[in-house]
Amino acid sequence: MKRLFLPVLLTGLLLGGCASEPPRLVVLPAAPAASPVAAQPARLLLRPLRVPGYQDDLPVVTQVQGGRVTQAAQVEWAERLSDGAARVLSGALASRLGPGNLLIEGDGRIPDADLSIDLTALDPQADGTLRLAARWTLVGTRGDRPVRAGQEDFSVPLAGSDPADVAASITAALARLADKLAAEAAAFPLR
């Protein structure tokens, strides 16, 4: 009996040592609603959003400095950052473009333009800011297919290094990007 007890005890201790708390999950909050742009904007179809690969993993990045990425311990995104950022940006754009002007794929309506966005940086910085860098393109879907393209690179304040603060700052940056893109949609030539 003593021989059986020792292996069972060791196995129990080993398995108990492997058990750990599940990671805390963080989600990007929705962007605050905004007034629609004054002019009649182009109806947009938002294409899949791209974020840097090191950001699209589940651990929350709390700082990027000089090629070094710091991740939060035991904290993960509740959804991939590319999915969360697309959700927040879609909501922000929809409120700025007005009802029916941000289309979803497969709804049967023809957009005036396809909007593609490549977020090249969405990085918490050591100086207490969050840097957003993005390339975007609006390509007309009718007539002679006008094209507008641009780059954005700006910072928003980072409330703190806690992952929830990082999430709030990402949402603020995406809302600011939505302001710019809604203005571009309002100026896009409709055919």
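## Order of elements

From the N terminus, the protein chain runs α-β-β-β-β-α-β-β-β-β-α. That is three helices and eight strands. Helices (H or I, at least four residues) and strands (E, at least two) are DSSP runs, numbered from the N terminus. This is a predicted model: local features need pLDDT of at least 70, side-chain atom pairs count only at pLDDT 80 or more, and totals for chains, interfaces and linings use all residues. Residues are numbered from 1 along each chain as its sequence is written, and side-chain values use heavy atoms, with hydrogens and water left out.

Of the 191 residues in the protein chain, 40% are buried. Buried means under 20% relative accessible area, exposed means over 50%, and partly exposed lies in between (1.4 Å probe, protein chains only). Contacts mean heavy atoms within 4.5 Å. Among contacts between residues at least 6 apart in sequence, 68% join residues at least 24 apart.

## The three-stranded sheet

One open sheet has three strands in the order β1-β4-β3, with mixed pairing. β1 (24–26) and β3 (59–65) stand at its edges, each with a single partner strand, so one side of each has no neighbour in the sheet. Neighbouring strands here are turned by 45 degrees against each other on average, direction ignored. Axes are lines fitted to C-alpha atoms, for helices over the stretch in contact, and angles run from 0 to 180 degrees between N-to-C directions.

Two strands pair if DSSP finds at least two bridges between them. Strands of a sheet pair through backbone hydrogen bonds, either parallel or antiparallel. β3 and β4 (residues 68–77) pair in the antiparallel sense over five bridges. Gln63 has Thr70 in β4 as its bridge partner.

## Strand β6 and its partners

β6 is largely enclosed by the rest of the structure, because ten of its twelve residues are buried. β2 and β6 run parallel and are joined by three bridges. Leu44 stands opposite Ala113 in β6.

With β7, β6 pairs in the antiparallel sense over eleven bridges. Asp114 has Val139 in β7 as its bridge partner. The hairpin of β6 and β7 has four residues between the strands, and Gly128 there takes a positive phi near 85 degrees.

## The nonpolar core

The largest nonpolar core holds 45 residues, and Ile117 and Leu119 touch the most other members. Such a core is a set of buried Ala, Val, Leu, Ile, Met, Phe, Trp, Tyr and Cys residues joined through side-chain atoms within 4.5 Å. At least two residues each come from β2 (44–46), β4, α2 (81–97), β6 (113–124), β7 (129–140), β8 (147–157) and α3. α3 gives the most, with eleven residues.

Leaving aside neighbours within four places in sequence, Ile117 is in contact with ten residues' worth of partners named here: Leu46, Pro48, Leu49, Arg50, Leu89, Ala134, Arg135, Trp136, Leu177 and Leu181.

## Packing of α2 on α3

α2 and α3 pack at an angle of about 45 degrees, with their axes 9 Å apart. That makes α2 oblique to α3. By the cut-offs, angles under 35 degrees count as roughly parallel, over 145 as roughly antiparallel, 65 to 115 as roughly perpendicular and the rest as oblique. α2 passes α3 in a right-handed crossing. A crossing is right-handed if the near helix is turned clockwise from the far one by less than a right angle, and left-handed if anticlockwise.

On the α2 side, the interface includes Leu81, Ala85, Val88 and Leu89. On the α3 side, Ile170, Thr171, Leu174 and Leu177 are among the residues met.

## Two residues of α3

Thr171 lies in helix α3. Thr171 is buried, with a relative accessible area of 4%. Not counting residues up to four places away in sequence, Thr171 touches Leu28, Pro29, Ala30, Ala31 and Val88.

Asp165 is also found in α3, which spans residues 163–187. Asp165 is partly exposed, at a relative accessible area of 26%. Beyond four places in sequence, Asp165 touches Leu158, Ala159 and Gly160. Leu28 is 137 residues from Asp165 in sequence, yet their C-alpha atoms are 9.8 Å apart.

## A glycine in a loop

Gly53 lies in the loop between β2 and β3. At 60% relative accessibility, Gly53 counts as exposed. Gly53 and Thr120 are 67 residues apart in sequence and 9.5 Å apart in space, C-alpha to C-alpha.
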